[in-house]
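Student: I would like a close look at one part of this protein. Please take the strand that carries a lysine I care about, and then work outward from there.

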Amino acid sequence: MRRLSRRKALSLVKELDAFPKVSESYVETSASGGTVSLIAFSAMAVLAVLEFFVYRDTWMNYEYEVDKDFSSKLRINVDVTVAMKCQHVGADILDLAETMITSSGLQYQPVIFELTPQQRLWQRTLHLIQSRLREEHALQEVLYKTLLKGAPTALPPREDESVEPLDACRIHGHVYVNKVAGNLHITVGKPFHHPQGHAHIAAFVSHESYNFSHRIDHLSFGEEVPGIINPLDGTEKIAYNNNQMYQYFITVVPTKLNTYKISADTHQFSVTERERVINHAAGSHGVSGIFVKYDTSSLMVTVSEQHMPLWQFLVRLCGIVGGIFSTTGMLHGLIGFCFDIFCCRFQLGVYRPREDVQLHNQMNHLTNHQTPLRPENALLE
């Protein structure tokens, strides 16, 4: 009984076979079929390799939501070199709530404004990357994923000790401010705070010494991420007037960066530049200096690196193999059908199916091998 039930189960399974086997004696091979098979296998191999590279690659996914964190502080990272002596310039921050942030987190370092050949080469490379980033925004995703493979993005130090006088001041460091609009300004004189506001002591600085030629080696918001290039990094401005005023209007967007290499809470920003000469007689009022006016966006961007799952790769691979196999089979059959039609029309005059042609040839072969009959007169004789 068990054997009978097993036989019935096996027979039932055989009836459900969707891939019936054909005996090799009924299979006919041809040169055209072999050629098409080689082409199909080659295409499958090439596309499978390309699909594997796509599987290994990653892409950046952007999600937007409202920024609900208003209580935390915003970090500003500054590295600016001004072509004036450190005792003649001062930097501070004043936000929209009239809160003055002292520059205690910023350091003043006397340096040489002119760059060395190695530093100038670094600056030209940075300018080239900046120009490409403005034209091709997809390069930013490459920076996010690779983070320049750990390459330093800061200005390299001077390779030798120069005897030139220290004619500039490097203002660098970081400060924490409220997440409201504010103004970071670098102008003449040291800042001090008083009940009516704040001011800069500029009475003891000669007007002829005003020179707000500057270079922004680094300016970013939030946590510093190595390898990320910000819009103002490498910016250099040369002032040809003592009363030059430079303004940078910045919109800061909170950004959460999640990649396979790093996870950080940083900020992206866009910037608009403006510069003009202060001339009260001509109606151009203001104060000479460098002013960075920033404002935070209410939206937050989450940038996450994503990878194709293994099951999707296998499905796409099966689609490539099955699609090429089916398509080449149909094309081979269609080309063979068209070839038979044209051959029969030009050689036989009238198209007949291949089976009729084979039957006609067999009948002619039998007719040619029959013994001819003698006439009756010949038999009588």
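Tutor: What follows starts at strand β14 and then moves to the cavity, a pocket, two helices and the cysteines. The model is predicted.

Start with the strand itself. Strand β14 covers residues 289–296, and K293 sits in it. Is K293 buried, exposed or in between? K293 has a relative accessible area of 32%, so it counts as partly exposed. Now look across the chain from K293. The C-alpha atoms of K293 and N183 are 4.4 Å apart, yet 110 residues separate the two along the chain. N183 is also one of the contacts of K293, once neighbours within four places in sequence are set aside. The other contacts on that list are G182, Q247, Y248, F249 and I250. Two of these names will help below. Y248 returns in the lining of a cavity. Residue G182 falls within β7, which runs over 182–188.

Next, step back to the residue just ahead of the strand. S288 lies in the loop between β13 (263–277) and β14. Its relative accessibility is 8%, and because buried means under 20%, S288 counts as buried. Which residues does S288 touch, leaving aside neighbours within four places in sequence? They are T187, F212, N242, N243, Q244 and I278.

Now go to the cavity. The structure holds one cavity of 30 Å³ or more. About 60 Å³ of space lies in the largest cavity. Strand β14 helps to line it: β14, β2, β7 and β10 (214–221) each supply at least two lining residues. The lining residues are V78, V80, L184, I186, I216, L219, Y248, I290 and V292. Y248 is thus a lining residue of this cavity and a contact of K293.

Two of those strands lead on to a pocket. The second largest pocket has a volume of about 410 Å³. Its lining counts 20 residues, and those closest to its centre are Q109, V111, Q119, P157 and R158. β2, β5 (106–111) and β10 each give two or more residues to this lining. Which element gives the largest share? Strand β5 does, with three residues. β2 and β10 therefore appear in two places: they supply residues to the lining of the largest cavity, and they also supply residues to the lining of this pocket.

Q119 takes us to a helix. Q119 is one of the residues closest to the centre of the pocket, and it is also one of the buried residues of α3. Helix α3 spans residues 117–135, 19 residues in total. From its first C-alpha to its last, the helix reaches 27 Å, close to the 27 Å expected at 1.5 Å a residue. Its buried residues are Q119, W122, Q123, L126, Q130 and L133. Why do they make up one face? Seen down the axis of α3, the buried residues fall within an arc of 100°, so they line one face of the helix. On the other side, P117, R124, L128 and E135 are exposed.

Helix α2 gives a second example. It has 26 residues, 31–56, and reaches 38 Å, close to the 38 Å expected at 1.5 Å a residue. Its buried residues are G33, A40, M44, E51 and Y55.

Now the cysteines. The count comes to one disulfide. C86 and C169 form it, with sulfur atoms 2.3 Å apart. The torsion about the S-S bond is about 105°, so the disulfide is right-handed. The pair links distant parts of the chain, 83 residues apart. C86 is in the loop between β2 (73–82) and β3 (89–95), while C169 is in strand β6 (residues 168–178). Are these two cysteines buried or exposed? C86 counts as buried at 10% relative accessibility. C169 is buried as well, with a relative accessible area of 0%. Two further cysteines read otherwise. C318, at 58% relative accessibility, counts as exposed. C338 is partly exposed, with a relative accessible area of 32%.

Last, the whole protein. It has seven helices and 15 strands. Of its 381 residues, 32% count as buried. Among contacts between residues at least 6 apart in sequence, 80% join residues at least 24 apart. The pairing of K293 with N183, 110 residues apart along the chain, is one place to see a long step in sequence.

How values were computed: Residues are numbered from 1 along each chain as its sequence is written. This is a predicted model: local features need pLDDT of at least 70, side-chain atom pairs count only at pLDDT 80 or more; totals for chains, interfaces and linings use all residues. Side-chain values use heavy atoms; hydrogens and water are left out. Helices (H or I, at least four residues) and strands (E, at least two) are DSSP runs, numbered from the N terminus. Buried means under 20% relative accessible area, exposed over 50%, partly exposed in between (1.4 Å probe, protein chains only). Contact means heavy atoms within 4.5 Å. The expected span of a helix is 1.5 Å times one less than its number of residues. The arc is that of the directions from the helix axis to the C-beta atoms. A disulfide is a pair of cysteine sulfur atoms within 2.5 Å. On a 1 Å grid over the protein atoms alone, a cavity is a set of points where a 1.4 Å probe fits but cannot get out, and a pocket is an open set with protein on both sides within 12 Å along at least five of seven lines; lining residues have an atom within 4 Å of a point. Grid points are joined across faces, edges and corners, and a volume is the space filled by probe spheres set on the points.
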